[in-house]
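I sat down with this model today and kept a few notes as I went. Feel free to follow along at your own screen.

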Amino acid sequence: MAIKKSNKLSQAAALKQILRRCSSLGKKHGYDNEEGLPMDVPKGHFAVYVGENRSRYIVPISFLSHPEFQCLLRRAEEEFGFDQEMGLTIPCEEVVFRSLTSMLR
């Protein structure tokens, strides 16, 4: 039982680290100074940019725990890295992203 709890804690810590790496944006205008997140993003959510046109989507942090979304994050890190000027870009077509996120809700 303690092992499962330990794994959950380490997974939660890893997800928080991913989110922190995704939002290296705190120094820019229009971002909350304490948390480094855009002011128009509700608490418990984060912004990603998807597709050729880099359309902006606001997604719940709970998506970080889904293996399908984690796969997208790994692809994003491999292709673009997490230290991006304009925010986290997901290398995925918009229609695929919308389909995936609608299944995760």
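**Entry 1: a cut-off, then R54.** I call a residue buried under 20% relative accessible area, exposed over 50%, and partly exposed in between. I also remind myself that this is a predicted model. With those limits in hand I looked up R54, and at 31% relative accessibility R54 counts as partly exposed. R54 sits in the loop between β1 and β2. Its phi caught my eye: the angle is near 50 degrees, a positive value in a residue other than glycine. Most residues other than glycine have a negative phi, and that is reason enough for me to flag this one.

**Entry 2: the hairpin.** Next I followed the chain through that loop. β1 and β2 form a hairpin with 4 residues between them. G51 lies in the turn and also has a positive phi, of about 80 degrees. The two strands, β1 and β2, run antiparallel and are joined by 6 bridges. I noted one facing pair here, with Y49 opposite R56 in β2.

**Entry 3: the sheet.** How many strands form the sheet, and in what order? I find 3 strands in an open sheet, ordered β2-β1-β3, with mixed pairing. β2 (55–60) and β3 (88–90) each have a single partner strand, so one side of each is left without a neighbour in the sheet. From one strand to the next, the twist averages 45 degrees. On the β3 side, β1 (residues 45–50) pairs with β3 in the parallel sense over 3 bridges. Y49 turns up again there, standing opposite T89 in β3.

**Entry 4: T89.** Is T89 buried or exposed? T89 has a relative accessible area of 7%, so I log it as buried, the limit being under 20%. Leaving out residues up to four places away in sequence, T89 touches Y49, R54, A76, F80 and Q84. I was pleased to meet R54 from my first entry among these contacts.

**Entry 5: helix α2.** I checked the length of α2 (residues 67–80) against expectation. At 1.5 Å a residue, its 14 residues should span 20 Å, and the end C-alpha atoms are 20 Å apart, which agrees. In α2 I find F69, Q70, L72, L73 and A76 buried. Seen down the axis, the buried residues of α2 fall within an arc of 155 degrees, so they line one face of the helix. P67, E78 and E79 are exposed on the other side of α2. After the helix comes G81, with a positive phi near 80 degrees.

**Entry 6: helices on the sheet.** α2 packs on the sheet and touches β1, β2 and β3. The direction of α2 makes about 110 degrees with that of β3. I then turned to α3 (residues 94–104), which lies across β1, β2 and β3 and runs at about 15 degrees to β2.

**Entry 7: the core.** Which residues have the most contacts inside the largest nonpolar core? The core has 18 residues, and my list reads V48, V59, F69, L88, I90 and F97. The elements giving two or more residues to this core are β1, β2, α2, β3 and α3. α2 gives the most, with 4 residues. I took a last look at I90, whose contacts beyond four places in sequence include V48, L72, L73, A76 and F97.

Notes
Residues are numbered from 1 along each chain as its sequence is written. This is a predicted model: local features need pLDDT of at least 70, side-chain atom pairs count only at pLDDT 80 or more; totals for chains, interfaces and linings use all residues. Side-chain values use heavy atoms; hydrogens and water are left out. The expected span of a helix is 1.5 Å times one less than its number of residues. Buried means under 20% relative accessible area, exposed over 50%, partly exposed in between (1.4 Å probe, protein chains only). The arc is that of the directions from the helix axis to the C-beta atoms. Two strands pair if DSSP finds at least two bridges between them. Axes are lines fitted to C-alpha atoms, for helices over the stretch in contact, and angles run from 0 to 180 degrees between N-to-C directions. Contact means heavy atoms within 4.5 Å. A nonpolar core is a set of buried Ala, Val, Leu, Ile, Met, Phe, Trp, Tyr and Cys residues joined through side-chain atoms within 4.5 Å.
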